[in-house]
Structure formats: structure tokens, C-alpha cells
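This briefing concerns one strand and its surroundings in a protein model. Please consult the sequence and the structure shown here while reading.

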Amino acid sequence: SKFSLVISKVSTGSYKRQVYEVPSGKQLVDQAVIDRITWATWTSVLGDEVIGIWSRHAEKADVNCACVSHSGINLVTGDDFGMVKLFDFPCPEKFVRMHFYIVSTKSTVDIRDLYCFSGKMYDGNISSLYL
């Protein structure tokens, strides 16, 4: 979280968000408490705040990575189609407007921050696109 308590949010393989206190590992289950957390960083593709990143025909595994800018006003995602998409954050409505950039890789696997995207090419090379 943005303040003194260290909290970690994880997304599971079953597409559920879980929130834990660190280092105790105690899971937070009170949704009212979770809703009041101001996150210092955001790299999850799940949550009410990012519903708009999913296109009409996307499957859950199609969006691989996401990252909110340091200012907290933009979100960048990478997907299985080799696209990097730039959204306003939060984007709680379905099918929101965005800017997209097609990159030279089949699958975007890592978004480091709003300014740099890195993806592993099929030949093992790393490509970067600065937005």
C-alpha cells in the first residue's frame, strides 16, 4: 500500500485477487478494508479498476501484464497479440477508449512502467518500445 503498512495483492491462476499483510502473511478478507487501500503500485490485470482493459472477444489469459504510471493516471497493458495498450486509470467501464501500439512480438510478457515495454521475441531477443 502507499502508506506504512506493507500489503501485497496477488492474482491467482483461478483469476481471483487475494490481499495479504507482509511479512505476517495474514490474508485480508474484509472487503471494506481492502477497498480503502491506496496502492503504491499496480501491476494486476484483475479488479474493478481495470475492467475496461478487456476487449469484447478477449479471454482471461489474453492480457498478460499491466502497470499503472507513477502518477496514477495511466495504465499500460501487454497482450497475447503483440499489442501495448494505453488507458486512463482507473478504467472501471467495459470497452473504454485507449491508444494501442503494435510491437514486433507475438506476446507481450512484461510491462515495466508506463515509459518502457519489454517483450521476449521468439528468437530469444528482447525488444523495447518507449512510449
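The points below describe strand β5, its two neighbouring strands and one of its glycines.

The model is predicted. Strand β5 covers residues 74-79, and 6 of its 6 residues are buried, so the strand is largely enclosed by the rest of the structure.

**Orientation of residues in β5**
- In a regular strand, side chains alternate between the two faces of the sheet.
- In β5, N74, V76 and G78 point one way, while L75, T77 and D79 point the other way.
- Both sets of residues are buried.

**Pairing with β4**
- Strand β4 (residues 63-68) runs antiparallel to β5, and 5 bridges join the two.
- The hairpin formed by β4 and β5 has 5 residues between the strands, and G72 adopts a positive phi near 80° in this hairpin.

**Pairing with β6**
- Strand β6 (residues 83-88) is paired with β5 over 5 bridges, also in the antiparallel sense.
- The hairpin of β5 and β6 has 3 residues between the strands, and here G82 has a positive phi near 75°.

**G78 within β5**
- G78 belongs to strand β5 and counts as buried because its relative accessibility is 0%, where the cut-off for buried is under 20%.
- Towards β4, G78 is the bridge partner of C65.
- The C-alpha atoms of G78 and C65 lie 5.3 Å apart in space, although these residues are 13 residues apart in sequence.
- Towards β6, G78 stands opposite V84.

Definitions and conventions:
Residues numbered from 1 in each chain as written. Predicted model: local features only at pLDDT ≥ 70, side-chain atom pairs only at ≥ 80, totals over all residues. Heavy atoms only, no water. Buried < 20%, exposed > 50% of the residue type's maximum accessible area, 1.4 Å probe, protein only. Helix = DSSP H or I, 4+ residues; strand = E, 2+ residues; numbered from the N terminus. Pairing = 2+ DSSP bridges.
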